[in-house]
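Subject: A structure for you to explore

Hello,

Here is the structure I promised to pass on to you. Have a look at it first, and then read on for what was found in it.

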2 protein chains.
Amino acid sequence: MKELEIINTIQNIINSEYIGDDCAYLKDLGIVVTQDSLVEDVHFSRKFSTPYQIGYKSIAVNLSDIYASGAEAKYITISLSLPKNIENNFVEEFYNGAKSVLNGVKIVGGDITGADKIYISVTAIGSTKNRKISSRKNAHIGYKIITNGYHGSSAAGLYLLQNKTEGYEQLIKEHLTPFISSELSDIIAKTTKNDYAMMDSSDGLMDCLYKIADNSKVKAKIYFDKIPYNKSIEQFDYKNLILYGGEDYKLVCAISADDLENINSDLYYEIGEIIEKTDNNIVEIQYKNELKSYSKKDIEVNLFRHF
Amino acid sequence: MKELEIINTIQNIINSEYIGDDCAYLKDLGIVVTQDSLVEDVHFSRKFSTPYQIGYKSIAVNLSDIYASGAEAKYITISLSLPKNIENNFVEEFYNGAKSVLNGVKIVGGDITGADKIYISVTAIGSTKNRKISSRKNAHIGYKIITNGYHGSSAAGLYLLQNKTEGYEQLIKEHLTPFISSELSDIIAKTTKNDYAMMDSSDGLMDCLYKIADNSKVKAKIYFDKIPYNKSIEQFDYKNLILYGGEDYKLVCAISADDLENINSDLYYEIGEIIEKTDNNIVEIQYKNELKSYSKKDIEVNLFRHF
């Protein structure tokens, strides 16, 4: 079964209004919740990552989902399944790495069990108090598209690790311990008057643009030259890395022009805007000499081909 | 590393006030949260359990923790990691099993990833609104000890499955799809005037008595003949199964005699009481002709020897 089929099967059985955004927004409790797992040899390899880095990334990917919702990250639970032959200091180093990215968030529970490989499942809970919460359905014509960091570094870093290429520490670091920040999310959630649509680029920039445009039934126009990236990825197929490379965990947001005026421009890069209503051809990218339209189908094929 | 050492390591690093009860009580958000994982060939086997039963049990063990806290179970997220060779209907049957035990709780998120074996991690969230929440530290002299179901059935059921013994469907059912109920928990959390200490018997009845007594620094006296159990386990070493057999997921509660008077006696079995303050010899069991004292060390050795 393909992932989309599986999600449809689940959606049919549980008929949930909550599945769609990265976090579930539980209005009656004033919280958002997200749960993401990392599996050894699927999401990380002990060949490339230290226990500290695995701990860091397990927490970072979940906090990033909370940031993308606009909520204030508050609590974490960690479920850790470890093989018998695990190194003695794994738990200590894992938790030290986890702790290094918490930024005030508290670890409040979870469990430890045995397993054949390392399985890590983390749940993060955020408070929605005094905050406006994101939805992918919230992008409207005239909204600006902004992001808060470089795209393509993580996928380039993974390539470098897999091909044992020396140098380029920053790219490798962005893959193993991606820098995440709640700064842009905090200010958006606390100051915007209008609804906004925000995601993190866990599955790549194009995935964010696609899902926001598709759920909002609008077309996003992106100016490729405005997308921030680390120049050292130009040695690779960098246009692909920037659009389709995953695991950068940067925020991508469609926000009203009015609300954007109140946000310090040091906190974001403006990369495009929402230009019209549509049910297809949902992303348009202006390269130097060329305007290219991407249909839902184009993007879906590429998202699956690349990762 | 042993489980206790690992927990101490984690506790030292994160220095959390929340680790101790099965659920973390997040007072500022008015919620409790718990996360428990089930790993194939550690917690269940596809030889014994259908996908439906695995789905049921994954949810039941987490709801049981919420019930033990006194909170109202509200939301679930499910992280499911599946091997490539998984049967086509696994996800559908798993979710049907999960759905069958939800009892109004909503599944609101999670993820699906690949893995070598089935790995399931479930997070459950409960609301503490208008409820008094349990703590293991809350047992006091004179409190009554009550439970809401049979002990020892699940471990007997596991033995029967492992030894391919026919018959005894009820015991096997209690292992594969343990009956859980929030009824006693709801009434305690909503009506008690005094604090109470409640746990579920996921790790056995003795584990509950031990942890409540140890954390409250009191001695629990139990009348063995009053412990409810399925008579068909008498063919086995049933005293051990009743005390140390895990996975029955029944509630065990130390509650003030005054508060107990307001609770319908159909909802519980009274099995003992808290008799004195102590730092050791924390459980005393009255058998027919014999009174036996159990120190912390006796119990710890037995808990680890048995499971």
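In which helix of chain A is the place of A:K297? The answer is helix 10, which covers residues 296–306 of chain A. Please keep in mind as you read that this is a predicted model. A:K297 counts as exposed because just 10 other C-beta atoms lie within 10 Å, and the cut-off for exposed is 12 or fewer. You can also compare its place with that of A:V42: the two are 255 residues apart in sequence and 26 Å apart in space, C-alpha to C-alpha.

Now for the two chains together. Chain A can be laid on chain B by a turn of 180 degrees with a shift of 0.0 Å along the axis, and the RMSD is 0.0 Å. This is the relation of a two-fold axis. Both copies use the same surface, as 100% of the contact residues of chain A recur in chain B.

How many residues does each chain bring to the contact? Chain A gives 50 residues, and chain B gives 50 residues. On the side of chain A that touches chain B, at least two residues come from each of several elements, including helix 1 (3–14), helix 3 (90–100) and strand 5 (119–127). Strand 4 of chain A gives the most to this side, with nine residues. Sorted by class, the side of chain A that touches chain B has 23 nonpolar, 18 polar and nine charged residues.

Next, the inside. The largest nonpolar core has 189 residues, and the members that touch the most others are A:L209, A:V283, B:L209 and B:V283. If you leave aside neighbours within four places in sequence, the contacts of B:V283 are B:M206, B:L209, B:Y210, B:A213, B:A220, B:I222, B:Y294 and B:I299.

Chain B also has a pair of helices to look at. Helix 4 (residues 153–162) and helix 5 (residues 169–176) of chain B pack with their axes 7 Å apart, at an angle of about 105 degrees. Helix 4 of chain B is therefore roughly perpendicular to helix 5 of chain B. Among the residues that meet are B:L158 and B:L161 from helix 4 and B:L171 and B:H175 from helix 5. The residues of this contact are six nonpolar, four polar and one charged. In helix 5 of chain B, the buried residues are B:L171, B:I172, B:E174, B:H175 and B:L176. Helix 2 (51–69) and helix 4 of chain B are included in what covers them.

The loop between helix 4 and helix 5 of chain B holds B:K164. Its phi is near 50 degrees, a positive value in a residue other than glycine. Most residues other than glycine have a negative phi. A:E247 is another residue to check: its phi is positive, about 65 degrees, although it is not a glycine. A:E247 is found in the loop between helix 8 (238–244) and strand 9 (251–255) of chain A.

Are these two residues, A:E247 and B:K164, buried or exposed? A:E247 is buried, with 24 other C-beta atoms within 10 Å, whereas B:K164 is exposed, with 6.

One last residue to find is B:E183, in helix 6 (residues 183–191) of chain B. B:E183 is partly exposed, with 14 other C-beta atoms within 10 Å. From B:E183 to B:Y67 there are 116 residues in sequence but 8.7 Å in space, C-alpha to C-alpha.

Enjoy exploring!

Methods: Residues numbered from 1 in each chain as written. Chains lettered and ligands numbered in written order. Predicted model: local features only at pLDDT ≥ 70, side-chain atom pairs only at ≥ 80, totals over all residues. Axes fitted to C-alpha atoms, helices over the stretch in contact; angles between N-to-C directions. Helix = DSSP H or I, 4+ residues; strand = E, 2+ residues; numbered from the N terminus. Parallel < 35°, antiparallel > 145°, perpendicular 65-115°, else oblique. Contact = placed C-beta atoms within 7 Å. Nonpolar A, V, L, I, M, F, W, Y, C, P; charged D, E, K, R; others polar. Core = buried A, V, L, I, M, F, W, Y, C linked by C-beta atoms within 7 Å. Buried ≥ 20, exposed ≤ 12 C-beta atoms within 10 Å, placed from the backbone. Least-squares fit on C-alpha atoms with pLDDT ≥ 70 in both.
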